[in-house]
Amino acid sequence: MGGFNPAPNLDVAVLADETGTVTYRYQFQYAVAHAVQADEQALRLLNRFLSPEQRRSFDCADYFDVVSQHGRLYRLYRRRCTGFQNVTQLRVDGRLPDGSERLMRVCDYCIHIYCVPRAAELLAFKLMLELNEDLFLATANPTHF
Amino acid sequence: METEVCDPQPLVSEETEGRLTVVSGYKENVKWDRRNLTEVEAAREYFERLRSEHFLGFRMNRDGSQGTQLHSFDASAEEILMVPPSVGG
């Protein structure tokens, strides 16, 4: 069976004896179901490795902050971007009138892991930043401010 | 009365158990018993296979302390997370 395969990385061999459109439809449904399952699994895994503060921030504001191996502050966003702002480096620049920290954007990093759920990507970046920041910096494409 | 503790994914369920988790929804995860050489070897082989596909291995600690990057399989690890290769955009 040649041509377009909507789920190249998924095992759909069980449906390979079906024909034409029917096969594609089932492949698509299979792929969607598999993707939803993968998303849930990745989110559970991410939640296991977030601190309570990071989890709260991720739930409420769709991002969490990570202090890296070398003590830098990074912000990781839930949304998946095709451009920049995938990961942002911040620095504390004084305090706001309400006493909270005033954060300034230092640099945006564009880095991706293809074909994995967003939560898996976020956990991967968190691990890289905390345990091998040099590799993260060597891989990511920076935009400085 | 018996109380059941529901934790869907405890970090480590036994002292002798290790776990290799792939940070991706699409790959198989494996567990091994440190006393069982066959399971250890199977896990080592899986680790090496993922490493050859440029996955990064990180050893995580049960107590929540900072993990470390692994360059070779460590059967004494409580949990190993395998991270798929990333690319700059």
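**Exercise 1. Determine the confidence of chain B and of the model as a whole.**

Solution. Chain B has an average pLDDT (the predictor's confidence in each residue, from 0 to 100) of 84, and 84% of the residues score at least 70. The scores of the model are ipTM 0.81 and pTM 0.80. This is a predicted model, in which local features need pLDDT of at least 70, side-chain atom pairs count only at pLDDT 80 or more, and totals for chains, interfaces and linings use all residues. Residues are numbered from 1 along each chain as its sequence is written, while chains are lettered from A and ligands numbered from 1 in the order in which they are written.

**Exercise 2. Describe the open sheet of chain B, from strand order to packing.**

Solution. Strands here are DSSP runs (E, at least two residues), and helices are runs of H or I of at least four, numbered from the N terminus. Two strands pair if DSSP finds at least two bridges between them.

Step 1. The five strands of the open sheet follow the order β2-β1-β5-β3-β4 (chain B), with mixed pairing. Its edge strands, β2 (30-33) and β4 (68-70) of chain B, each pair on one side only. On average, neighbouring strands are turned by 25 degrees against each other, direction ignored.

Step 2. β1 (residues 17-22) of chain B pairs with β2(B) in the antiparallel sense over four bridges. Within β2(B), W32(B) stands opposite G18(B).

Step 3. Helix α1 (residues 37-52) of chain B packs on the sheet and touches β1, β2, β3 and β5 of chain B; its direction makes about 145 degrees with that of β2(B). Such angles run from 0 to 180 degrees between N-to-C directions, with axes fitted to C-alpha atoms, for helices over the stretch in contact.

**Exercise 3. Characterise helix α3 of chain A.**

Solution. Step 1. At 1.5 Å a residue (times one less than the number of residues), the 14 residues of α3(A) should span 20 Å, which agrees with the 20 Å between its end C-alpha atoms.

Step 2. Twelve of the 14 residues of α3(A) are buried, among them F125(A) and M128(A). Buried requires 20 or more other C-beta atoms within 10 Å of the residue's own, exposed 12 or fewer, and partly exposed lies in between, with C-beta atoms placed from the backbone.

Step 3. α3 (residues 118-131) of chain A lies across β3 (56-60), β4 and β5 (79-83) of chain B, at about 110 degrees to β5(B).

**Exercise 4. State how many residues each chain gives to the contact.**

Solution. Chain B gives 18 residues and chain A 27 residues; contact requires C-beta atoms, placed from the backbone, within 7 Å.

Definitions and conventions:
Two residues are in contact if their C-beta atoms, placed from the backbone, lie within 7 Å.
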